[in-house]
Amino acid sequence: MTVHPSLQTYADAWTHSIESIAELVKPLVEGEWNRPTPCPAWSVRDVVSHVIGMETEMLGDPRPIHTLPRDLYHVKNDFARYMEMQVDVRRHHTAPEMTSELEYTMIRRARQLRNENRAPDTMVRAPLGAEQTLEVAMRMRAFDTWVHEQDLRNALNKPGNLDSPGALITRDVLLEALPKVVAKDAGAPPHSAVVIDVHGPLEFLRTVRVNADGRGTVDGAPSLGPVVTLAMDWETYYRLACGRVRLGAVADRIKVDGDQDLAAAILREFAVTQ
């Protein structure tokens, strides 16, 4: 690949995850494509359709002209409607059609990456007619593809790659959202610190510090007197943060020390994406 050095990590992580997805779905029989996944309201077919659709948009392909059914009750806003279009248009595709389109899309995207010579700050297409930098776009594709790989692994009972390159990018994306969760959404008091201690395939400890103005920042230095410490395994962390599981289902996998009310507020606000 010839992408800018700052983009190579994202390109490598995306490649690893989408190749893993292709390996997971290639042997599936027709009925297995209808299995539900942890991604709300989406089946295995729907998740793969979404991945294909987002990659074709990275390629600059036109979006499908398609009218969504009125009974898709999980589609509640314009962003969800935008995402659902690429999914619903493929809902009646057969298993061979799905695997063939995925493989063809992967080939095209790999060729695009090999020839990619744009700067990271080049503005490219984003959902809902917006724009984003190429760097943000590639980072989010690496993040999104890894999370959906895990959706498929969960649905198909084939765990793995919890410490892959895409997992590292997912960790960083989710940690960027943590100060807002703790300081603004959960209302941690000024001059306080909250420690998140994660173990398992990915291990890390981060401290969210809330300043006098109530704004949060995150760093890797421990706090001597945190108001709350939350300890959990990496799978629980990403599944909660990505809206893949309800708190009640994993409460026994989370250890809470300190202010119980604040901890409960943080965990209620923990999901930052779906």
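These numbered points go through the predicted model, from the whole chain down to single residues.

1. Overall make-up. The model is a predicted one, and its chain holds 9 helices together with 7 strands. The C-alpha trace extends over about 55 × 40 × 35 Å when it is laid along its principal axes. For 274 residues a compact globule would be expected to have a radius of gyration near 19 Å, and because the chain has 20 Å, the value agrees with that expectation.

2. Interior and surface. Of the 274 residues in the chain, 49% are buried. Among contacts with a separation of 6 or more, 65% are made by residues 24 or more positions apart. The chain exposes about 13,400 Å², and 51% of this area is supplied by carbon and sulfur atoms.

3. Charges. The chain carries 31 positive and 38 negative charges, and the mean positions of these two sets lie 3 Å apart.

4. The hairpin of β3 and β4. Strand β3, residues 192-199, runs antiparallel to strand β4, residues 204-210, and 7 bridges join the two. Within this pairing, Val 194 has Val 208 of β4 as its bridge partner. The two strands form a hairpin with 4 residues between them, and in the turn Gly 200 has a positive phi of about 110°.

5. The hairpin of β4 and β5. Strand β4 is also joined to strand β5, residues 216-219, by 4 bridges, again in an antiparallel arrangement. Here Thr 207 stands opposite Asp 219 of β5. This second hairpin has 5 residues between its strands, and Gly 214 takes a positive phi near 80° in it.

6. Val 182, against the hairpin strands. Val 182 belongs to helix α6, and its relative accessible area of 0% means that this residue is buried. Which residues does Val 182 contact, leaving aside its neighbours within four places in sequence? They are Gly 187, Ala 188, Val 194, Val 208, Val 210 and Ile 266. Two of these, Val 194 and Val 208, are the bridge partners already mentioned in point 4. Thr 145, by contrast, is 37 residues from Val 182 in sequence, and their C-alpha atoms are 26 Å apart in space.

7. Positive phi outside glycine. Two residues deserve a look on this score. Asn 161 is not a glycine, yet it has a positive phi of about 60°; this residue sits in the loop between α5 (134-156) and α6 (165-185). Its relative accessible area is 22%, so Asn 161 is classed as partly exposed. His 191, also a residue other than glycine, has a positive phi near 60°, and its place is in the loop between α6 and β3. With a relative accessibility of 66%, His 191 counts as exposed, since the cut-off for that class is over 50%.

8. Ala 130, in a loop between strands. Ala 130 lies between β1 (123-125) and β2 (131-133), in the loop that separates them. Is Ala 130 buried, partly exposed or exposed? At 38% relative accessibility, Ala 130 counts as partly exposed. Not counting residues up to four places away in sequence, Ala 130 touches Val 124 and Arg 125. His 74 is 56 residues away from Ala 130 along the chain, and the C-alpha atoms of the two are separated by 23 Å.

Note on methods. Residues numbered from 1 in each chain as written. Predicted model: local features only at pLDDT ≥ 70, side-chain atom pairs only at ≥ 80, totals over all residues. Heavy atoms only, no water. Rg over C-alpha atoms; globule rule 2.2 N^0.38 Å. Buried < 20%, exposed > 50% of the residue type's maximum accessible area, 1.4 Å probe, protein only. Contact = heavy atoms within 4.5 Å. Areas by Shrake-Rupley, 256 points an atom, 1.4 Å probe, with all protein chains shown as cover. Lys, Arg positive; Asp, Glu negative; His and termini not counted. Charge placed at Lys NZ, Arg CZ, Asp CG, Glu CD. Pairing = 2+ DSSP bridges.
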